[in-house]
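User: I would like a close look at one part of this model, with the rest brought in as background. Please keep the answer plain.

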Amino acid sequence: GPPGVGKTTAGKELAARLGRAFFDSDPMIENYAGRSIPHIFSQLGEAEFRRLESKVCAELAAWQDVVIALGGGALLNPNNRAAFERNGLVVCLRASADELLNRVGQIGNLPNNRPLLAGDNPAERLNALLHGRRALYDSFPVQLDTTNKPISQVVSEIESLLAPRTLPVHAPGLKHEIVLGYGLLETLPNLLDERGLTGPMVIVTDENVAPFIVHRSSLIVLPAGEQHKTLDTIRTLYDAFLEHGLDRSGIVIAIGGGVIGDMAGFAAATFMRGVRWVNAPTTLLAMVDASLGGKTGVDLPNGKNLVGAFHPPSLVVSDPLTLNTLPHAERVSGMAEVIKHGIIGDAGLFEAIEAGAVFGNVDQIARAIEVKIRVVEADPFEKGERATLNLGHTIGHGVEAASGYKFRHGEAVAIGLAAESQLAEGLGLAESGLAQRIARACTQVGLPVNCPGLNPVRIREAMSSDKKKAGGKLKFALPKKIGEVTWGVEADEALLLEVLKATTS
């Protein structure tokens with residue numbers, strides 16, 4: 001955060017409460033340079049300061065179980081930012097310009113250790129600095145406003161973010177526990193022991209996630225991608241389970257995105273008539289959707305998830321820090337399910353996305369998860385209301401198949417959300433302007449809402465193989481307004497084809 005926001009003071013108190021060591025990057029830079037920060041700026045220049053700062057950041061980012069206060073511009077360097085986000089939680093502190101000036105001192109009383117504010121008009125310099133760094137500070141998912149707050153309150157708010165939270169699913173036959181919190185994946189062995197989840201274990205992951213896994217014993221690495229979500233891959237898993245000595249007392253641990261969770265869960269459901277499994281989702285899409293509710297399965301050439309089983313994991317462990325290792329496109333893809341959940345049952349969540357909120361902190365993820373939990377508890381085995389979770393997926397799955405899975409799942413769902421809301425308006429189910437509002441929310445976070453060049457007839461044919469058919473007829477979940485969705489809707493074929501043509505034009 002900016003100068004005077006309280007980084008050092010809050011960091012010291014937080015470290016004391018957590019029983020961790022505290023480090024401040026500025027004194028370390030002074031030690032390296034052998035001179036004060038104002039002298040570095042005046043004698044060596046800001047470029048040299050930033051070089052020293054990056055050297056210090058590289059050292060600090062590798063440390064564990066510490067609290068670190070960084071200079072306000074340290075994470076302008078993308079390499080510095082990536083290093084810290086890979087290994088810990090970054091909290092951005094904010095405050096009003098007036099509050100910041102009061103804290104650092106007015107003209108004539110400005111501390112000499114704030115060279116970026118030095119000069120005849122520190123207020124002007126501060127406002128320019130805040131303007132120049134606004135995009136950086138706005139980009140962090142975890143932000144706290146410290147204006148008019150005592151440091152003790154700020155630290156308590158940070159502590160509440162760090163505390164793991166448990167979200168139980170009480171659906172009959174699908175009961176399981178979701179634990180959500182920063183850094184949980186590193187403590188996975190302890191989490192399992194605390195819940196009595198012991199026995200022979202294997203970890204199933206893919207080639208993208210494997211390099212990040214610390215616990216590498218009994219590791220099964222699968223090729224990444226939806227195209228490998230097949231029965232042939234499941235056979236490979238069965239063979240690997242036997243090679244690793246897994247028996248009916250064993251546990252399968254899935255670490256990865258929705259594809260890995262679906263396959264590992266299905267293999268666990270069917271190996272030796274069912275063994276326990278734990279799901280550790282590492283993508284936003286999997287955290288808020290695929291890992292929840294006990295569905296497992298694989299694809300057939302005719303369509304997605306046509307073979308599967310309800311087999312709830314013994315535990316779901318969601319660690320938002322893993323999201324920092326994802327390519328930007330994957331994080332964006334996951335936002336489709338977040339937007340979907342907002343449309344289904346949390347208008348406030350949807351409105352926050354509309355307002356430009358940076359998604360990814362633990363509170364937001366919990367809200368998206370809670371929408372699905374409510375639906376699953378009301379209808380565990382998709383006999384009715386759970387079909388609302390198919391919003392965007394009927395057309396979305398058709399888009400995926402018709403494109404040869406060139407679209408990511410979330411991208412296809414976003415296209416489906418936009419198209420199905422148009423369908424809802426055309427059927428007179430949705431309030432006027434809803435389709436435009438949903439499309440705008442998708443594009444705002446970087447998701448596509450159309451698929452030019454695809455054949456609308458091919459999309460329609462692919463939809464006919466979707467498992468959401470009932471009695472041979474295609475059924476849709478469609479939005480009526482933000483926060484309300486209806487299901488079991490049959491659409492006029494002419495209108496459906498018209499919507500698909502508009503989506504592909």
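In which strand does Ala477 lie?

Analyst: Ala477 lies in strand S14. Before going further, some ground rules. The model is predicted, so local features are taken only at pLDDT of at least 70 and side-chain atom pairs only at pLDDT 80 or more, while totals for chains, interfaces and linings use all residues. Residues are numbered from 1 along each chain as its sequence is written, and side-chain values use heavy atoms, with hydrogens and water left out.

Strand S14 spans residues 476-481. Helices and strands here are DSSP runs numbered from the N terminus, a helix (H or I) having at least four residues and a strand (E) at least two. Within S14, Ala477 is buried, as its relative accessible area is 2%. The cut-offs, for a 1.4 Å probe and protein chains only, are under 20% for buried and over 50% for exposed, with partly exposed in between.

Contact means heavy atoms within 4.5 Å. Leaving out residues up to four places away in sequence, Ala477 touches Ala387, Thr388, Asn390, Leu391, Glu420, Val485, Thr486 and Trp487. The C-alpha atoms of Ala477 and Thr394 are 8.3 Å apart in space, although 83 residues separate the two in sequence.

Strand S14 also meets a helix. Helix H18 runs over residues 434-444, and its buried residues are Leu434, Ala435, Ile438, Ala439, Ala441 and Cys442. They sit on the same side of H18, because the arc they cover around the axis is only 160 degrees. That arc is the one spanned by the directions from the helix axis to the C-beta atoms. The partners against which the buried residues of H18 pack are strand S14, helix H13 (328-345), helix H14 (347-354) and helix H17 (409-426). After H18 comes Gly446, with a positive phi near 100 degrees.

Positive phi also turns up at residues that are not glycine. Most residues other than glycine have a negative phi. Asp65 is one departure, with a positive phi of about 55 degrees. Asp65 is in the loop between helix H4 (46-61) and strand S2 (66-69), and its relative accessibility of 54% makes it exposed. Asn305, likewise not a glycine, has a positive phi near 55 degrees. Asn305 belongs to strand S12, residues 303-310.

Ala309 is in strand S12 too, and can be set beside Ala477. Ala309 is partly exposed, at a relative accessible area of 28%, whereas Ala477 is buried. With residues up to four places away in sequence set aside, Ala309 touches Phe266, Ala269, Gly294, Lys295 and Thr296. From Ala309 to Leu231, 78 residues away along the chain, the C-alpha separation is 13 Å.

Two helical residues round out the background. Val154, in helix H8 (residues 151-162), is buried with a relative accessible area of 2%. Apart from neighbours within four places in sequence, Val154 is in contact with Ala10, Leu93, Leu144, Thr146 and Lys149. Between Val154 and Ala494, which are 340 residues apart along the chain, the C-alpha atoms are separated by 57 Å. His39 is in helix H3, residues 37-44, and is partly exposed at a relative accessible area of 41%. His39 and Arg94, 55 residues apart in sequence, have their C-alpha atoms 27 Å apart in space.

As for the whole, the protein chain has 20 helices and 15 strands. Of its 505 residues, 52% count as buried. Contacts between residues 24 or more positions apart make up 72% of those with a separation of 6 or more. The radius of gyration of the protein chain is 25 Å, which agrees with the value near 23 Å for a compact globule of 505 residues. That radius is taken over C-alpha atoms, and the globule rule is 2.2 Å times the number of residues to the power 0.38. Along the principal axes, the C-alpha atoms fill a box of roughly 80 × 60 × 35 Å.

The accessible surface of the protein chain is about 21,300 Å², and carbon and sulfur atoms account for 50% of that area. Accessible areas come from the Shrake-Rupley method with a 1.4 Å probe, and for residues only the protein chains shown count as cover.
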